[in-house]
Amino acid sequence: MSTPTKGSRARFSDLVAAEWIKVRSLRSTYGLMVFGIAFAAVAAWWLGHHVKVAPGAASGFNPLIYPYNQDTWSFITVLAATFGALAISGEYSSGLIRATFIAVPARHRVILAKSLVVATVMAVFGALSSVVSMYVAGAALSGQLSGLSLSRGDVLRAAALSAALPVIGALVGMAIGALIRHPVGAVSTAWGVLVLLPNLLGSGTIGLGKAVEAMPISAWMALADTSQPSPHSNPLPTTVFAWFLLASWLLLSLATTSATVVRRDA
Amino acid sequence: MTDLCGAEWIKLWSLRSTPIGLGLAVALALYLAGSNSMHGTLLRSGSMGPIDPIRAAFDGPSWVLPMIGTGMIGAQSMVGEYASGLIRTTLIAVPGRRRVVAAKVLVIAAVMAATALLAAVGGLALAVATANGDSRGRSLTDSASASASLHAIEASVLLLPVCALIGMAVGTLLRHAAATGFTVCALLGFGPLLLRPDGNRWATDVANVMPYYAWGRLTSAGPGAGSTVTAGVAWCILAAWAALSIVITTVVLNRRDV
């Protein structure tokens with residue numbers, strides 16, 4: 001008969017290591033990140049390349065909307081949400097979740113470790129996309145607009161917020177993955193919730209502008225000053241409320257994931 | 001062939017997600033048609049204006065979610081078989097792979113066409129019934145409006161099967177559930193947002209060949225209504241998407257190991 005030895009309980013660092021191996025061993029992790037960074041670079045080049053500014057009119061332009069375009073970062077956010085959704089629903093569809101919970105019965109610790117790993121990977125992904133996007137847009141805009149450099153306070157702020165947006169997206173995706181547990185259902189729900197539904201609601205035919213205002217991308221636009229000039233743009237939240245929104249999306253997602261996974265049969 | 005269609009019919013309806021997805025798509029289209037018609041649309045000035053019933057029933061953004069939903073069901077019909085391994089049993093039972101694809105295409109396209117017919121006719125009827133003021137009932141009496149509504153219904157009945165076939169082709173190419181889901185959403189839902197037919201030449205050309213804008217041209221209500229593409233070309237674009245998707249599904253399934 002073996003007696004449990006002292007310290008045999010998995011330490012938190014072991015859980016993080018296990019989750020890191022899971023993320024690292026999937027080919028889709030690398031494919032998704034490379035695709036996202038390439039998309040950000042191409043979009044930044046495309047948007048910056050077509051800008052023609054009349055001499056002396058440069059002060060009327062906000063250079064941030066080229067590297068940190070709303071559509072580009074919606075896409076990056078959804079890509080991150082897909083990654084998060086797969087981190088959970090992939091375990092359910094392969095059955096690995098059962099082995100994980102037999103090894104570590106404290107489910108909330110597993111979720112915490114998983115969220116930490118997913119958030120870190122997405123922060124790295126976000127930072128790379130954000131910096132690449134800024135330099136590519138800066139190069140494409142050279143001769144037309146200047147000022148895209150991390151030494152400027154507002155640019156640094158927009159870059160940091162853009163790096164953080166995929167983290168929030170991935171945590172939202174994890175919550176969706178925990179609720180739906182089916183890869184196709186989870187991925188289409190992530191698209192629906194983060195991009196398509198806000199667009200539908202904001203298209204004016206329903207008139208739920210308030211719902212659009214609460215989306216992470218709106219909070220990001222308000223804080224990073226990246227909203228497009230438009231004849232009928234949706235209202236943005238105030239700065240304080242935008243911080244509150246980002247924090248609530250993050251915490252509510254974590255709480256949803258943890259509560260659902262702990263309560264439900266694996 | 002009737003046996004093959006019967007088998008595909010059973011596979012399609014034994015999934016809980018099929019009635020849920022189709023039900024949601026129809027419910028959403030009906031609800032949005034009524035809601036658009038009653039509340040009007042946000043005009044450039046920011047106020048809410050009255051709206052033509054055809055425009056209310058065939059509003060572009062309202063149809064994006066049904067498009068995605070049918071695309072997903074089409075994709076799931078291939079990906080699900082690969083994921084569960086059912087594809088092996090199917091192809092052992094019927095070694096003629098082309099016939100399997102033909103049966104699948106027939107069943108999926110027929111179901112989606114019926115769904116689209118329900119959503120389009122129901123939505124238009126609801127939009128006419130809930131329209132306020134002078135636009136009430138106009139689209140059913142006036143002959144120009146009647147033919148416009150007929151065109152819009154026809155275009156929508158073609159649109160949803162095309163989306164499902166695109167989903168099938170993507171599913172056959174990728175065979176991975178999440179990657180397929182992501183690609184279908186990106187292609188059908190995000191593409192039209194990213195590239196609009198009002199940008200530069202290149203963006204306009206790419207946008208014009210998207211199913212969403214081709215359909216908008218044909219309904220003469222949604223986005224793409226003012227496009228430079230003629231109605232004939234728009235029909236051809238939708239047909240070409242369908243044909244290309246069927247060819248991709250057939251060739252890839254025929255060539256590849258299962």
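Helix 9 of chain A is followed by A:D225, a residue whose phi is positive, near 60°, helices being DSSP runs of H or I of at least four residues and strands being runs of E of at least two, both numbered from the N terminus. A:D225 has this positive phi although it is not a glycine, and in the predicted model it is found in the loop between helix 9 (216-224) and helix 10 (239-263) of chain A. A:D225 counts as partly exposed because it has 16 C-beta neighbours inside 10 Å; a residue is termed buried if 20 or more other C-beta atoms lie within 10 Å of its own, exposed if 12 or fewer do, and partly exposed in between, with C-beta atoms placed from the backbone. Helix 9 of chain A, by contrast, is mostly covered, with nine of its nine residues buried, namely A:P216, A:I217, A:S218, A:A219, A:W220, A:M221, A:A222, A:L223 and A:A224.

Residues are numbered from 1 along each chain as its sequence is written, while chains are lettered from A and ligands numbered from 1 in the order in which they are written. Because the model is predicted, local features need a pLDDT of at least 70 and side-chain atom pairs count only at pLDDT 80 or more, whereas totals for chains, interfaces and linings use all residues.

Two residues of helix 9 of chain A reappear in the surroundings of A:T77, which is found in helix 3 (residues 70-94) of chain A. Leaving aside residues up to four places away in sequence, A:T77 touches A:P216 and A:I217 as well as A:L165, A:P166, A:G169 and A:L194, a contact being counted where the C-beta atoms of two residues, placed from the backbone, lie within 7 Å. A:T77 is buried, since 29 other C-beta atoms are found within 10 Å, and its C-alpha atom is 6.5 Å from that of A:L165, although the two residues are 88 apart in sequence. A different situation is seen for A:A160, which lies in helix 6 (residues 153-180) of chain A and is partly exposed because 16 other C-beta atoms are within 10 Å. The C-alpha atoms of A:A160 and A:A106, 54 residues apart along the chain, are separated by 34 Å.

Chain A as a whole comprises ten helices and zero strands, and 47% of its 266 residues count as buried. Among its contacts between residues at least 6 apart in sequence, 80% join residues at least 24 apart. The C-alpha atoms fill a box of roughly 85 × 40 × 30 Å along the principal axes. The radius of gyration of chain A, taken over C-alpha atoms, is 20 Å, which agrees with the value near 18 Å for a compact globule of 266 residues, the globule rule being 2.2 Å times the number of residues to the power 0.38.

Chain B has twelve helices and two strands, and its elements run α-α-β-β-α-α-α-α-α-α-α-α-α-α from the N terminus on. Of its 258 residues, 47% count as buried, and 74% of the contacts between residues at least 6 apart in sequence join residues at least 24 apart. In the loop between helix 8 (143-174) and helix 9 of chain B lies B:R175, which has a positive phi of about 60° although it is not a glycine and which counts as partly exposed because it has 18 C-beta neighbours inside 10 Å.

Helix 9 of chain B (residues 177-194) has 18 residues, and its end C-alpha atoms are 24 Å apart, which agrees with the 26 Å that it should span at 1.5 Å a residue, the expected span being 1.5 Å times one less than the number of residues. A kink of about 35° is centred on B:A186 in this helix, the bend at a residue being the angle between axes fitted to the seven residues ending there and the seven starting there. Helix 9 of chain B is mostly covered, 14 of its 18 residues being buried.

The largest nonpolar core has 152 residues, and those with the most contacts inside it are A:A170, B:L159 and B:L238; such a core is a set of buried Ala, Val, Leu, Ile, Met, Phe, Trp, Tyr and Cys residues joined through C-beta atoms within 7 Å. Beyond four places in sequence, A:A170 touches residues including A:F83, A:V118 and A:M122.

As to confidence, chain B averages a pLDDT of 84, with 87% of the residues scoring at least 70, where pLDDT is the predictor's confidence in each residue, from 0 to 100. Over residues 43-47 of chain B pLDDT stays under 50, and the model has four contacts beyond four places in sequence for them. The complex is given an ipTM of 0.73 and a pTM of 0.82 by the predictor.
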